[in-house]
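Me: I have a structure open and would like to learn how to read its features one by one. Could you walk me through them?

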Amino acid sequence: MTQPEALEILKTGENVFLTGAAGSGKTYLLNQYVAFLKENKIEVAITASTGLAATHINGRTIHSWCGMGINEKLSREQIENLRMSDKVADRILGANVLIIDEISMLSASRLDLANHICQAIRQDKRAFGGLQVILCGDFFQLPPVSRGNGEDSRFVVESAVWSEMDLKICYLSDQYRQEDKDFLAILSAIRQNATTEENIAPLSARLNQPTTGGFKATKLYAHNKNVDAENLAELKKLAGERRGYEMQVQGIPSLVKSLKDSYCLAPENLDLKIGAVVMFVRNNFDKGYVNGTLGQVVDFNDDSGYPVVKILSGRKIIATPELWVIDDGYRTLASVSQVPLRLAWAITVHKSQGMSLDCAEIDLGRAFEFGMGYVALSRVRTLSGLSLLGLNAMALRVNEKAIELDKKLRSDSARDLKEYRKQGAWKARSAQKSFISRARQRESVNWG
């Protein structure tokens with residue numbers, strides 16, 4: 001299914017699962033749909049399974065939005081308390097559409113809990129209390145985190161509410177991150193647990209090879225401690241003046257802390273020197289960078305003092321502060337402002353999810369989780385931008401459940417696309433107008 005076709009289905013108000021391989025443009029399409037909703041004054045709750053994922057779509061975590069926090073289960077009394085909470089109730093009653101991104105990392109029990117909370121607060125037994133629900137993600141990427149204490153690690157497809165939502169499946173087929181056919185063939189083979197010596201040969205050829213770009217590629221590690229040690233050590237090697245940029249904060253302290261800890265990848269105190277390898281951690285298409293754009297500090301602007309970053313294309317960008325916010329749709333509850341950079345000699349694989357990296361140095365000799373190798377490799381745009389330090393068998397494996405599920409999702413997407421095309425443009429436009437009308441009527445009832 002193409003992006004334009006999926007967007008038209010989203011506009012009909014149907015519940016949708018938006019999926020596709022890494023780099024197929026899922027987040028881009030979500031942002032297009034959000035723009036459509038806002039243009040038509042339809043209230044949308046923009047959420048994701050993690051704070052980091054939420055930054056990619058300017059949202060908040062689903063846990064925070066519906067008030068469930070870190071819990072997998074809540075008692076009737078606890079849910080009733082949420083229903084009596086003005087902040088939670090206003091968010092859930094005020095929304096017409098709920099988006100949950102990076103759904104692969106959300107467990108089945110937490111999706112069910114979010115559904116129960118919405119049903120209770122909206123006093124509506126339909127799935128999520130009648131909200132249009134847009135789930136987005138790829139089950140070949142990182143799965144729900146289980147800390148070994150009995151936490152649910154099931155995919156959301158195993159939740160009770162999954163079948164109740166009657167989801168239309170939109171499986172995006174085009175690729176926008178990688179254009180190298182050899183590289184795409186490797187990623188496709190990994191998604192099927194079907195790698196062979198022949199199709200892995202181009203990948204093996206990148207072992208200990210330099211990357212293009214003129215400066216050190218970003219290293220991807222499994223653990224934060226390795227990332228911090230690498231970045232600090234490299235910064236110390238550079239001569240010259242160190243410039244510091246302190247994060248500016250405003251709003252409710254607990255939400256400010258959430259922004260700093262989980263949403264904003266830029267550090268609270270950013271120290272830079274000329275020569276530092278950095279990464280932009282925010283999308284700003286007008287200024288010419290996206291989350292993951294790699295560059296090097298080549299100067300500090302005379303007027304503002306902000307760093308001048310030269311990216312791989314040769315373009316120089318003055319990195320001025322960006323704003324991260326949490327709002328309730330009507331007012332800003334918390335905000336942080338910081339130069340949208342972080343030192344980028346190293347980053348974790350988990351934090352790289354959702355990014356498009358120009359070049360990366362990856363050690364997959366210690367991959368320990370299904371999908372970890374796929375996530376790491378699929379961040380990079382080209383084979384020439386990849387340097388492998390190691391490769392083990394686990395790095396080339398994905399969850400067998402994801403493979404079986406993927407076959408069904410592809411089949412269901414083809415069926416749903418066929419049905420959409422069969423109904424014709426006139427019926428589709430009629431359904432879209434009806435959805436807009438219903439949403440506006442409900443909004444006038446809630447807030448009029």
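Me: Is Glu 268 buried, partly exposed or exposed?

Reply: Keep in mind that this is a predicted model. Buried means under 20% relative accessible area and exposed means over 50%, with partly exposed in between. Glu 268 has 41% relative accessibility, so it counts as partly exposed. You will find Glu 268 in the loop between helix H12 (253-263) and S10.

Me: Which residues is Glu 268 in contact with, leaving aside its neighbours within four places in sequence?

Reply: Contact lists show what a loop residue meets beyond its own stretch of chain. With neighbours within four places in sequence left aside, Glu 268 is in contact with Tyr 245, Glu 246, Met 247, Lys 260 and Gln 338. Take Tyr 245 as a case: Glu 268 and Tyr 245 are 23 residues apart in sequence, and their C-alpha atoms are 8.2 Å apart in space.

Me: Now a loop further along. Where is Ala 367, and is it buried or exposed?

Reply: Ala 367 has its place in the loop between strand S19 (360-364) and helix H14 (372-378). Its relative accessible area is 9%, so Ala 367 is buried. Not counting residues up to four places away in sequence, Ala 367 touches Met 372, Asn 392, Met 394 and Ala 395. You can also pair Ala 367 with Arg 397: they are 30 residues apart in sequence and 9.8 Å apart in space, C-alpha to C-alpha.

Me: Let's turn to helices. Which residues of H2 are buried?

Reply: Start with the helix itself, then look at its sides. Helix H2 covers residues 26-39, which is 14 residues. From first C-alpha to last, H2 reaches 20 Å, close to the 20 Å expected at 1.5 Å a residue. The buried residues in H2 are Lys 26, Leu 29, Leu 30, Tyr 33, Val 34, Phe 36 and Leu 37. Looking down the axis of H2, these buried residues fall within an arc of 160°, so they line one face of the helix. On the other side of H2, Lys 38 and Glu 39 are exposed.

Me: Where are the buried residues of H11 around its axis?

Reply: You can read H11 by the same steps. Helix H11 (residues 224-237) has 14 residues and reaches 20 Å from its first C-alpha to its last, close to the 20 Å expected at 1.5 Å a residue. Buried in H11 are Val 227, Glu 230, Asn 231, Glu 234 and Leu 235. These residues cover an arc of only 125° around the axis, so they are on the same side of H11. The face turned away from that buried side carries the exposed residues Lys 225, Leu 232, Lys 236 and Lys 237.

Me: What do the buried residues of H11 pack against?

Reply: They pack against four strands: S7 (218-221), S10 (269-272), S17 (341-343) and S18 (346-348). Asn 231, one of the buried residues of H11, makes a good close-up. Asn 231 has a relative accessible area of 5%. Not counting residues up to four places away in sequence, Asn 231 touches Leu 343, Ala 344, Trp 345 and Ala 346.

Me: How do I read a pair of helices? At what angle do the axes of H9 and H10 cross?

Reply: Look at the distance between the axes, the angle and the handedness. The axes of helix H9 (residues 181-191) and helix H10 (residues 197-204) come within 9 Å and cross at roughly 120°. That makes H9 oblique to H10. The crossing of H9 and H10 is left-handed. From H9, the contact is made by Asp 182, Ile 186 and Ala 189, and from H10 by Asn 199, Ile 200, Pro 202 and Leu 203.

Me: Last topic: backbone angles. Which sign does phi have in most residues other than glycine?

Reply: Most residues other than glycine have a negative phi, so a positive value is worth a look. Glu 102 is not a glycine, yet its phi is positive, about 50°. Glu 102 lies in the loop between strand S4 (97-101) and H7, and at 10% relative accessibility it counts as buried. Gln 123, also not a glycine, has a positive phi of about 55°. Gln 123 lies in the loop between H7 and strand S5 (132-136), and at 60% relative accessibility Gln 123 counts as exposed. Lys 41, which follows H2, has a positive phi near 55°.

How values were computed
Residues are numbered from 1 along each chain as its sequence is written. This is a predicted model: local features need pLDDT of at least 70, side-chain atom pairs count only at pLDDT 80 or more; totals for chains, interfaces and linings use all residues. Side-chain values use heavy atoms; hydrogens and water are left out. Helices (H or I, at least four residues) and strands (E, at least two) are DSSP runs, numbered from the N terminus. The expected span of a helix is 1.5 Å times one less than its number of residues. Buried means under 20% relative accessible area, exposed over 50%, partly exposed in between (1.4 Å probe, protein chains only). The arc is that of the directions from the helix axis to the C-beta atoms. Contact means heavy atoms within 4.5 Å. Axes are lines fitted to C-alpha atoms, for helices over the stretch in contact, and angles run from 0 to 180 degrees between N-to-C directions. Angles under 35 degrees count as roughly parallel, over 145 as roughly antiparallel, 65 to 115 as roughly perpendicular and the rest as oblique. A crossing is left-handed if the near helix is turned anticlockwise from the far one by less than a right angle, and right-handed if clockwise.
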